[in-house]
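Thanks for coming. I'll take a few minutes on one structure, starting with a strand pair and then going through some salt bridges.

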Amino acid sequence: MNIALIIAGGSGQRMQQEIPKQFLNVNDKPVIIYTLEAFQSHPDIDKIGVVCLDGWYDILRAYARQYRIDKLDWIVSGGENGQASIRNGVFEAERRYAASDIVLVHDAIRPMVSQEIISDCIVQCKRHGSAIVVTPCNTVVLRRTTSESSKEVVLRDQLAVTQTPQAFPIKRLADAHRKALELGITNSIASCTLMVELGEEIFFSIGAETNIKLTTQDDLKIFKALLTLKDANTRL
């Protein structure tokens, strides 16, 4: 089976809104529902689990019923940081599913993830044992010499810009989280960084510039523009 693990445990303070950004309404629909719909509609996704901010379980379940997200299988609480939230979700997936089943860890606030991105992530994970959605680095990157200056350019062809989903067999990712706890690694910001910190090799799958993460007000404006473009293309 392929399980989408949606990470929605953050409060989204940088968005400067009263409610968490994953529950903001955009065109009369919560952001998290756009994300869930992407996995709901994918034929190779069997189940969905959500790591949710405490106090929002009932709201999420109500939205899932309203928008017919019937692949939603379970909800668990987030942790003190991103690593802990992912760990909570991975351990719950391990409890429910087979060790070899694939878990796709995805940010709730990446609502424009495409069917092609999900498909390639699954394919590459089955082929290599991991799949990190990435895009090429298309801008000049400088390494800071001081807080205000640089003397060094980082070569773009040596860089990959990570996105989500990030996929692994459940047992492999659960074992990595257990090992990280043993080693005192407690604040790795993503599944891919956790694996790298543990000395593991990871493999890439295709991403897209449109697979944006909604972090700021400007990101919300871009998301709304992308939705308008998508609607226009649908009507053609």
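This is a predicted model. Start at the hairpin, where five residues connect strand E8 to strand E9. E8 covers residues 141-144 and E9 covers residues 150-154; the two run antiparallel and are joined by four bridges. One pairing to look for is Arg143, whose bridge partner in E9 is Glu152.

Now the salt bridges. The structure has ten of them, and I'll show three.

The first one on my list is in helix H3, residues 82-96. Both Arg96 and Glu92 sit in that helix, four residues apart, which is about one turn. Their side chains form a salt bridge, at 2.7 Å from N to O. Is each partner buried or exposed? Glu92 has a relative accessible area of 14%, so Glu92 is buried, the cut-off being under 20%. Arg96 is at 36%, so Arg96 counts as partly exposed.

Next, helix H5. Asp175 and Arg178 both belong to this helix, three residues apart, again about one turn. The closest N and O atoms of their salt bridge are 2.6 Å apart. Asp175 is partly exposed at 30%, and Arg178 is partly exposed at 32%. This pair is part of a network: salt bridges with shared partners join Glu94, Lys171, Asp175 and Arg178.

Last, Arg172 and Glu200, with closest N and O atoms 3.0 Å apart in their salt bridge. This pair links distant parts of the chain, 28 residues apart: Arg172 is in helix H5 (residues 170-183), and Glu200 is in the loop between helix H6 and strand E11. Arg172 is partly exposed at 24% relative accessible area, and Glu200 is partly exposed at 36%.

Conventions
Residues numbered from 1 in each chain as written. Predicted model: local features only at pLDDT ≥ 70, side-chain atom pairs only at ≥ 80, totals over all residues. Heavy atoms only, no water. Pairing = 2+ DSSP bridges. Salt bridge = Lys/Arg side-chain N within 4 Å of Asp/Glu carboxyl O. Buried < 20%, exposed > 50% of the residue type's maximum accessible area, 1.4 Å probe, protein only.
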